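Colleague: Before I rely on the terms used for this protein, I would like to hear how each one is justified. Could you take me through the reasoning?

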Amino acid sequence: MDIQQIISEMTLEEKASLCSGASFWDTVAVERLDVSSITVADGPHGLRRQRDDADHLGIAQSVPATCFPTGCATACSFDEELLAEMGKAIAAECIAEDVSIVLGPGANIKRSPLCGRNFEYFSEDPYLSTKMAAAHIKGVQSTGVGTSLKHYVANNQETLRLCISAEVDERTLREIYLASFEGAVKEAQPTTVMCAYNKVNGEYASENEYLLTQILRDEWGFNGFVVSDWGAVNDRVKGLAAGLELEMPTSDGVNDALIVEAVNAGKLDESVLDQAVARLLKVIFDTQITAAQKAKYPLDLDKHDEKARQIATECAVLLKNEDALLPIASNKKVAFIGEFFEKPRYQGGGSSHINPYKITPAKAFISMFPNAAYAQGFSIDEDKTDEKLLASAIELAQNSDLCVIFAGLPDRHESEGFDRKHMRLPDNQNQLIEEISQAQPNCVVVLHNGSPVEMPWIHSVKSVLEAYLGGQATGAAVMDVLGGTVNPSGKLAETFPLRLEDNPSYINFPGDRDKVEYREGVFVGYRYYEKKEIPVLFSFGHGLSYTSFEYSELTVDRAEALDTDCVTVAVNIKNTGSRAGKEIMQLYVAPKSNTVVRPLKELKGFKKVTLNPGEEKTVTFSLDKRSFAFYDADLKDWRVESGIYGILIGASSQDIRLEKDITVNPAIPYKRPITVNSPVAEAMAHPKVAAFLNKLRESVPNPPHLDENNPMADMFAAMANELPLRSSAMFFGRMITQADLDEVMK
């Protein structure tokens with residue numbers, strides 16, 4: 001289609017109408033010019049396509065679809081290929097339902113474990129988050145279906161999310177929150193990006209030109225269109241000028257009229273509108289669902305259910321396994337306890353709530369253990385202990401070889417629309433785990449939750465399996481892991497703190513009235529706990545296996561590198577156990593001689609490796625400038641400091657197995673501008689400043705801070721080095737004149 005020709009034939013009113021939805025889920029059609037409408041629908045872990053008779057808020061029953069594991073689970077797979085496969089399956093269901101764009105994935109950072117929507121998001125770490133998001137996008141878009149990377153940016157809480165202002169300094173924004181989107185945009189080019197509800201540093205994300213145009217388009221090269229989150233528009237004309245092409249849902253013509261009025265009044269250049277329409281038309285034409293797509297990607301829900309089960313097994317994280325209690329032999333007398341065993345919590349609440357075409361509870365596979373029995377133990381619908389249910393569960397546990405307790409967070413504790421108030425499981429569940437673990441020492445806890453929980457009973461149970469919200473097949477997947485059909489390989493994509501008060505955002509979450517300050521800066525998640533040496537319950541990247549792995553022979557292809565070089569890292573991994581398994585190897589970079597305050601180390605690479613017993617493989621990683629850089633807000637660019645960097649290979653952020661140092665230097669040496677307020681020690685690096693100060697020093701025969709016999713010499717030297725240049729002369733016996741300073745500054 002000749003987009004520019006179509007635009008030239010459009011009326012002003014038709015152009016404006018394209019910038020708003022025709023309904024809750026459809027774009028506007030201009031039939032006389034052969035511009036069709038396209039349909040968008042919620043994701044990100046499955047298709048939420050509303051029926052034709054859906055209510056005006058779009059929350060009525062949706063068509064049956066496959067509910068895949070949510071983002072909190074899939075990130076624990078550390079498996080980009082797996083995310084791409086899931087994306088293709090979701091896209092196939094979109095094609096069957098004539099949905100052109102599925103809304104997702106969600107790449108917001110998990111700043112606080114209390115965020116009610118954390119279950120949709122990947123990680124506390126931007127590198128892992130962006131890799132998972134890019135893989136998901138590539139999988140979906142390989143079919144011709146579009147995606148919408150969301151919620152851009154700093155949408156890290158549900159409290160007052162439509163009006164709160166996230167106050168974030170530039171370095172933190174770049175290194176943590178924007179970085180979680182940047183790689184996904186650059187690597188995968190999502191069809192659309194969805195702007196967030198909230199303000200960022202006082203300006204709504206929907207009308208923030210710095211975010212929508214200067215960074216997203218000009219710096220990152222995004223070439224799709226920006227869509228608002230549903231109801232996120234504050235000022236439609238300002239938003240359009242800033243780079244927001246599509247408002248959703250429909251404004252029933254109200255905001256269309258404002259756009260027309262602004263153009264006619266000369267307040268909005270029509271070329272801005274034309275540019276927005278061009279971007280919209282390109283995506284509309286590119287994502288039309290065709291007969292060829294339907295033939296190429298036929299719908300097979302049973303096959304997708306099998307895929308959902310496989311993905312869920314890859315995501316399950318074995319947190320603890322004392323005495324190798326898991327896997328469970330089939331002849332064991334097992335007590336399965338907890339209502340989640342028969343009614344699994346497999347997804348979160350809110351706009352991403354899928355209507356699964358089938359649900360497989362773990363109870364459906366109880367026959368895997370012929371000597372097993374089940375007791376409800378507690379009610380999901382209340383937090384108060386039911387003494388009869390508890391007593392019955394304790395009796396069953398006492399008369400068994402071991403017990404498996406299915407616990408977790410009900411929807412009423414965790415959902416879009418509100419934030420959690422604490423990190424605890426419901427009281428009745430904590431009590432049940434404590435009492436049963438006293439009655440039966442061989443106790444396993446399986447968790448169904450979307451965010452970290454405190455575990456006051458952790459030392460009383462032998463095994464913990466974190467299943468997260470594993471989708472419609474989570475029950476089958478959990479039983480696969482418990483029975484040993486699958487060897488667990490997931491690792492935590494977020495830190496589990498011992499208590500809520502340890503979290504870096506604790507004091508400033510969720511903010512005061514109209515703003516929330518991100519005072520922890522770049523120290524989010526493991527970056528904070530490690531810098532502060534705060535013990536955690538389970539570290540980022542932690543996850544156990546039924547086999548064991550040995551790391552060896554770490555090599556780095558050079559001892560010194562420029563920041564323009566590609567550094568290649570190789571390491572060997574061997575399965576030293578008796579079972580086939582998968583290990584997620586993690587590479588962290590640790591700056592060791594930096595002058596800027598930085599985390600102790602940061603994730604910069606990972607690989608998931610499959611190994612048979614006794615098998616050994618060599619795994620390689622590539623590191624570029626960004627692997628060593630921090631964002632210099634003064635320079636407005638990424639910068640690498642000259643110095644030594646540790647290359648760390650580990651099984652988790654706190655289980656580092658191998659380490660080797662490399663010296664990295666910037667290809668273009670950075671020189672900090674020297675001013676009259678520069679410290680003397682820093683200014684002395686400039687030869688002309690050094691010459692000037694040395695000349696001053698010569699004018700004083702015996703400066704006290706240079707007299708080695710003076711016991712105060714060290715103190716004087718330290719004070720002199722920290723003085724601003726303008727004050728340095730007092731240490732040389734006379735005050736520096738303004739003329740002297742001016743001459744040096746020239």
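**Strands, pairings and a charged patch**

Modeller: This is a predicted model, and I would begin with strand β22 (residues 602-611), in which 8 of the 10 residues are buried.

Colleague: What makes β22 mostly covered?

Modeller: Buried means under 20% relative accessible area, and 8 of the 10 residues of β22 are buried, so the strand is called mostly covered.

Colleague: How do you know that β21 and β22 pair, and in which direction do they run?

Modeller: Two strands pair if there are at least two bridges between them; 9 bridges join β21 (residues 581-591) to β22, so they count as paired, and they run antiparallel. Within these strands, Glu583 stands opposite Val609 in β22.

Colleague: Which strands are joined to β27 by bridges?

Modeller: Strand β26 (residues 643-652) is joined to β27 by 9 bridges and runs antiparallel, with Ile649 having Leu658 as its bridge partner; β26 and β27 form a hairpin with 2 residues between them. Strand β19 (residues 560-562) is joined to β27 (residues 655-665) by 3 bridges and runs parallel, and Ala561 has Val664 as its bridge partner in β27. Because at least two bridges are needed, 3 bridges are enough for β19 to pair with β27.

Colleague: Why is Glu382 called partly exposed?

Modeller: Its relative accessible area is 37%, and partly exposed lies between the 20% and 50% cut-offs, so the term applies to Glu382. Glu382 is found in the loop between β11 (373-375) and α13 (387-398), and on the surface Glu382 gathers with Asp381, Asp386, Glu387 and Glu435 in a patch of negative charge.

How values were computed. Residues are numbered from 1 along each chain as its sequence is written. This is a predicted model: local features need pLDDT of at least 70, side-chain atom pairs count only at pLDDT 80 or more; totals for chains, interfaces and linings use all residues. Side-chain values use heavy atoms; hydrogens and water are left out. Patches are made of residues with over 30% relative accessible area and no salt bridge: like charges are joined within 9 Å, nonpolar side chains (Val, Leu, Ile, Met, Phe, Trp, Tyr) within 5 Å. Accessible areas come from the Shrake-Rupley method with a 1.4 Å probe; for residues, only the protein chains shown count as cover. A salt bridge is a side-chain nitrogen of Lys or Arg within 4 Å of a carboxyl oxygen of Asp or Glu. Lys and Arg count as positive and Asp and Glu as negative; His and the chain ends are not counted. The place of a charge is taken as NZ of Lys, CZ of Arg, CG of Asp or CD of Glu. Helices (H or I, at least four residues) and strands (E, at least two) are DSSP runs, numbered from the N terminus. Buried means under 20% relative accessible area, exposed over 50%, partly exposed in between (1.4 Å probe, protein chains only).
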